[in-house]
Amino acid sequence: MWTLIRADDTVQVRERLPVIALRDLVFFPYMVLPLLIGRPRSLAALHTAAEEDHLLLLLAQRSAEVEDPQHSELYRVGTVTRLLQVSHLPDGTARIVVEGLGRARVRRFLASKSAFRAVVGPYVRREVEAAGETDVEVEALVRRVQRMYEEYVRLDRRMPDELSGTLSGIGDHVRLGHLMAGHLLVAVPAKQAILEAHSTGELFGRLRDVLAREIEVLRIEERIEEEVREQAHRDPRQIYLPDQLKGIHREPGEEEEWAELEQAVTSARLPPPARERAVRELKRLKRLGPLTPEASVIRTYLDWILALPWEPRTEDNLNVRRAAEILEQDHYGLMEVKERILDYIAVLSLVGQLQGPILCLVGPPGVGKTSLGRSIAGTLGRAFVRMSLGGVRDEAEIRGHRRTYVGALPGRVIQGMRRSGSRNPVFLLDEVDKMARDVHGDPAAALLEVLDPEQNRAFQDHYLELEFDLSDVLFITTANTLGGIPAALRDRMEVIRLPGYLETEKRVIASRFLWPRQLQRHGLAGRAVVLEDETVQAVITEYTKEAGVRELERRVSRVARKLARRVAGGAVPADAALVVGPGDLRELLGPPLYPRSARPTEEDRVGIANALAWTASGGEVLDVEVAVVTGRGRLQLTGTMGSVMRESAFAAVTYARSRAAWLGLDREFHRSVDIHIHIPEGATPKDGPSAGVTMAIALISALTGIPTRPDAAMTGEITLRGRVLPVGGVREKAVAAQRGGMRRVILPAENAADLELLPEEVKGGIEFVCVRTMDEVLDAALLASPAGFAARRATEGGSAGSYAGGAGAPLPA
């Protein structure tokens, strides 16, 4: 151990220290600087120091070009430093902060394969000025160097102005000299010579020599710049000297790179504002040094401007008949969206140019919304770009970051336009209903400018700060529900609903698209493999329960995998045909997940009614159960009902009480019974107003003992006066009823117009009963009329549907 004396403390230093080699840097005592460590030997030395006493010896390399220096390529005098902070970066490098303690000399290097280690001794015992050491001559030299350093800081624009003032407050001459030398922007040999000075006088003498040379160079540069400015005012045609001076400092190949960039800006097809901005930024780039941070920012900005498709367009294929054939080949069904695309192509073929529509495809998962967008692009012959918006919560994802931020980039809209290479691609915005918002802004609000036909012709990204025309883009958005889309954004889109596929459509899709694709993927395309129609039907009905075909494709894929395994294992002869029948499914897919079960008989239907519900995955048929037991008038609701559905339950009970006499019930029946309304599958949350009619029917059935029709399903909102209000999702609910084997569907009368949009297959197999009041629902849903129901209607005149009883109205006698 040996002792190092400093201005403010003393340090005990071990004789053996880990060594880190520095390139282009000489570290001085009293300096505190961050360093980036990346070479394996340096990282090993850092690890050793962190495990011991946090002391390191920093030595400068004689040549910065050497990647793996040997002992002979390092200076023998360096600085002992204390490790203050270590941060390990993801790329394997480390960022450290070290403090220079004092100088040391390497006596010999120790043999080590992983890291440099050396036996060191003191270069000088004291890194502080001793009492009485400074004589008059040295004091004069120090003051002279201080004045020279102030002039050096003033002349060199790279040096901060406040540096000379900061150093002037240091009283110890040794410390002052080291800090001055550490901030000099000179070559490594000159700084190493200063580091190896033994005395205070020698230290400041070498500083004086270096400063004199640098000040002389800086004065010459200042005089040349002044002469150039004067010459420019006299004769602008003779401004050539700045270019020559800059050429001296440029790196090899930089001039050619700038020439190529200037040629790219000149030849690019840019609108006038973009060309003007590109030329201005290019001039700024030429004035800056290549190593300045702003230079890389400007270069990246120019690359984005030059890469965007400001004018290039793809020629549209406007053959309507061919477009219809392509859409039919790629997708089965989905007639509404196909008709809309064909209308767009037809009008575009007549007018030549048409602003792109903004379509919103709304439907459950697996109905082909995303693949339909890709098919539309292929039909038109346009580029296709997809951008997923699920979970996006930052406005900058849409509009980009401003260039003042580190690592700023354009938004994903501009990035997609760059990938497309044309100004009229088909741009799919997937999962537009699943965006979020937080303190970073609302991305849905940012999309308003993108999807507004009146605004997107001048869309302005925060990064570009230039107007970009999006009016020729055919935007297609997809969503599972409209509830997650803000009203202002929904107003800008043309909504096309994809309700889901019928079983017949699924059979065709499985036979025409899914099965051949799975045979190709599993290496069975060249073999005779037949999936019988009855087998496809069994897979659809017993192994899937969805509106789309995503789960159906998984099941078909599993069948193909099992067959491929048999073929690969030699269980099937090479030339044998494979026929998959319904009886093979249990072995291939296991027991049925949704076995067909017989619905309850008429005697079992008391207090049970079939409700039609809309979910994000399509329509569903739900059972609503009501039990009436002796009690004190309490109402219990179970099945994870939402607030709206609970209000429907209360309205159903109030309606039943108001019609007690008509139903043959005691007017005070509610005081002696408890009513329990339950919707099975309680783990699944349920909400919405359309179950009000079903709850009322199930309740009246339980109170009167009259069973409901087992083949009837219903939907509609109920009021206290017994009116039935319209609901949404009629198409999805009708498809679910057809899938569930229903023969009668009871709908609000105001939804009658929705029946015209149903497929003929659904309308042909179901009887639709449109009702206006709950009395009409009773006639259609119950197997018999309640006691006295028909008699009272006959004696009091009119139909039951004309009764308008309710809160405040007298009950019938």
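Modeller: A polar contact is a pair of N or O atoms within 3.5 Å. The model discussed here is predicted.

Colleague: Which backbone nitrogen does the side chain of Glu546 reach?
Modeller: Glu546 sits in the loop between α19 (533-543) and α20 (550-568). Its side chain reaches a backbone nitrogen at 3.5 Å, and that nitrogen belongs to Arg550.

Colleague: Glu546 is buried yet has no salt bridge; how far away is the nearest side chain of opposite charge?
Modeller: A salt bridge needs a side-chain nitrogen of Lys or Arg within 4 Å of a carboxyl oxygen of Asp or Glu. Leaving aside neighbours within four places in sequence, Glu546 is in contact with Lys506, Glu551, Leu552 and Arg739. The nearest side chain of opposite charge is that of Lys506, and its distance from Glu546 is 5.1 Å.

Colleague: Which strands stand at the edges of the open sheet, each with a single partner strand?
Modeller: Five strands with parallel pairing form this open sheet, in the order β10-β11-β14-β9-β15. Each edge strand has a single partner, so one of its sides is left without a neighbour in the sheet; the two are β10 (384-388) and β15 (494-497).

Colleague: Which residue in β14 does Ile358 stand opposite?
Modeller: Strand β9 (residues 358-362) pairs with strand β14 (residues 474-479) in the parallel sense, over five bridges. Opposite Ile358, in β14, stands Phe475.

Colleague: What angle does the direction of helix α13 make with that of β14?
Modeller: Helix α13 (residues 369-380) packs on the sheet and touches β9, β10, β11 (426-430) and β14. Its direction and that of β14 make an angle of about 165 degrees.

Methods: Residues are numbered from 1 along each chain as its sequence is written. This is a predicted model: local features need pLDDT of at least 70, side-chain atom pairs count only at pLDDT 80 or more; totals for chains, interfaces and linings use all residues. Side-chain values use heavy atoms; hydrogens and water are left out. Helices (H or I, at least four residues) and strands (E, at least two) are DSSP runs, numbered from the N terminus. Buried means under 20% relative accessible area, exposed over 50%, partly exposed in between (1.4 Å probe, protein chains only). Lys and Arg count as positive and Asp and Glu as negative; His and the chain ends are not counted. A polar contact is a pair of N or O atoms within 3.5 Å; within protein, one must be able to donate a hydrogen and the other to accept it, and residues adjacent in sequence count only if both atoms are side-chain atoms. Contact means heavy atoms within 4.5 Å. Two strands pair if DSSP finds at least two bridges between them. Axes are lines fitted to C-alpha atoms, for helices over the stretch in contact, and angles run from 0 to 180 degrees between N-to-C directions.
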